[in-house]
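Reader: I am new to this structure. Please take me through one part slowly: the salt bridges. Which side chains pair up, and how well covered are they?

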Amino acid sequence: MSVSASGGTRRPATVADPDGRPTRYWVGVLLILLLHTEQSALGFSLIAPALPQVAAEFPGSQVVWVMTAFTLSGAVASPIIGKLADRYGKKRMLVVTAAVGALGALISATAPTFEILVAGRFLAGIAFACMALGYTLIRDTFPVRLQSISISIANTGVGAVGVGPLLVAGLLIDRFGMRSVFWFAFGFCALGALLAALFVRETPIRTPARIDWLGAALVTASMFVVMFGLSRGKVWGLFDSRTLTSVAIGLVGFALWVWWERRTPEPLIRLDLFTNPGLRYTVIAGGIAYGATTRPGRPTRRRTASRRPRPMSPA
């Protein structure tokens with residue numbers, strides 16, 4: 001605390017708003033950032049109820065790839081976008097990421113084939129990085145007195161969004177069909193990108209960082225090969241040579257990725273962080289929860305023909 005000219009005490013300058021903006025402005029910015037921090041949860045809870053309808057519209061497709069492509073893209077894109085945000089600005093990358101997510105949702109909503117729908121989901125998964133970008137923008141631009149409560153509200157919002165979109169998805173699918181959930185996701189991402197571009201402040205903090213493109217390529221290829229082999233295992237057979245070969249190639253790729261990440265000066269993911277039991281068990285629990293909640297349902301068949309009446313035996 002410092003002493004003012006009148007003899008009283010004066011609060012540190014770090015507690016005041018950076019440019020004297022009122023609290024209601026920061027509340028509005030927080031609401032905009034909530035649209036972005038909830039992108040990842042929305043990508044699961046809004047789309048998962050539509051999986052049986054996707055399977056019915058595209059018979060014979062591996063419908064699990066609707067969720068797998070989203071997860072794979074988000075897992076790889078998040079650290080890369082984080083490094084780009086450190087170099088070029090977090091607000092700029094937030095707007096770009098949300099716009100790419102909106103494009104992916106638009107492609108899925110209008111996809112004529114299952115392959116194009118999955119490609120759209122892969123692009124939509126890039127919006128997974130919006131969560132981390134929203135938190136760091138709160139940390140870099142919000143007044144100190146509002147940072148803790150704002151991050152707490154953002155975390156609570158991510159949990160709450162897991163329930164609401166399930167109801168919204170059910171109403172949309174019943175009234176407008178399966179593609180309506182992708183149109184809803186498109187509008188959600190596009191609105192978030194527009195509002196962020198207009199009202200969210202850019203952080204002045206810049207950190208030069210090198211992007212580990214080789215590590216990103218290795219982990220993406222390895223994850224894709226393993227998931228492809230396991231998804232085809234239902235057709236080929238779990239112990240078929242093609243399934244086992246795909247999984248083996250993917251595991252070798254993972255081993256090469258771990259070897260590279262431990263030796264490069266700026267890795268894509270710091271593997272040493274997983275030595276912390278808290279983080280390690282949280283990641284394992286999250287993986288189990290994801291696997292349990294994204295298992296696609298099997299569309300039911302309606303019987304159109306009634307059972308034939310048994311002929312009566314002659315008296």
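Author: What follows is a close look at the salt bridges, with a short view of the cavity and a surface patch afterwards.

The model is predicted. A search of the whole structure finds 6 salt bridges. Three of them are described here, including the pair Lys83 and Glu266. Side chains of opposite charge can pair when their charged atoms come close.

Start with Lys83 and Glu266. Their side chains meet in a salt bridge, at 3.9 Å from N to O. This pair links distant parts of the chain. Lys83 sits in helix α4, residues 65–88. Glu266 sits in the loop between α12 and α13 (277–293). The two are 183 residues apart. How covered is each partner? Lys83 has a relative accessible area of 17%, so it counts as buried, being under 20%. Glu266 reaches 29%, so it counts as partly exposed.

Next comes a network. Asp86, Lys90, Arg139 and Asp140 are linked in a network of salt bridges. Take Asp86 and Lys90. Their side chains meet at 3.8 Å, N to O. Asp86 is partly exposed, with a relative accessible area of 25%. Lys90 is at 4%, so it counts as buried.

Now take Arg139 and Asp140, also in the network. Their side chains meet in a salt bridge at 3.0 Å, N to O. Arg139 is partly exposed, at 46% relative accessible area. Asp140 is buried, at 17%.

Now the cavity. The search finds 1 cavity of 30 Å³ or more. Its volume is about 120 Å³. The elements that give two or more residues to its lining are α2 (39–45), α5 (90–109), α6 (114–124) and α10 (180–199). The largest share, 4 residues, comes from α5. In total, 15 residues line the cavity. Gly43, Phe70, Arg121, Ala124 and Ala185 lie nearest its centre. The lining divides into 9 nonpolar, 5 polar and 1 charged residue.

Last, the surface. Leu230, Leu238, Phe239 and Leu244 form a nonpolar patch there. Together they have about 460 Å² of accessible area. Phe239 lies in the loop between α11 (213–236) and α12 (241–261). At 71% relative accessibility, Phe239 counts as exposed.

Back to your question. Lys83 pairs with Glu266, Asp86 with Lys90, and Arg139 with Asp140. Lys83 is buried, while Glu266 is partly exposed. Lys90 is buried, while Asp86 is partly exposed. Asp140 is buried, while Arg139 is partly exposed.

Terms used: Residues are numbered from 1 along each chain as its sequence is written. This is a predicted model: local features need pLDDT of at least 70, side-chain atom pairs count only at pLDDT 80 or more; totals for chains, interfaces and linings use all residues. Side-chain values use heavy atoms; hydrogens and water are left out. Patches are made of residues with over 30% relative accessible area and no salt bridge: like charges are joined within 9 Å, nonpolar side chains (Val, Leu, Ile, Met, Phe, Trp, Tyr) within 5 Å. Accessible areas come from the Shrake-Rupley method with a 1.4 Å probe; for residues, only the protein chains shown count as cover. A salt bridge is a side-chain nitrogen of Lys or Arg within 4 Å of a carboxyl oxygen of Asp or Glu. Buried means under 20% relative accessible area, exposed over 50%, partly exposed in between (1.4 Å probe, protein chains only). On a 1 Å grid over the protein atoms alone, a cavity is a set of points where a 1.4 Å probe fits but cannot get out, and a pocket is an open set with protein on both sides within 12 Å along at least five of seven lines; lining residues have an atom within 4 Å of a point. Grid points are joined across faces, edges and corners, and a volume is the space filled by probe spheres set on the points. Ala, Val, Leu, Ile, Met, Phe, Trp, Tyr, Cys and Pro count as nonpolar, Asp, Glu, Lys and Arg as charged, and the others, Gly among them, as polar.
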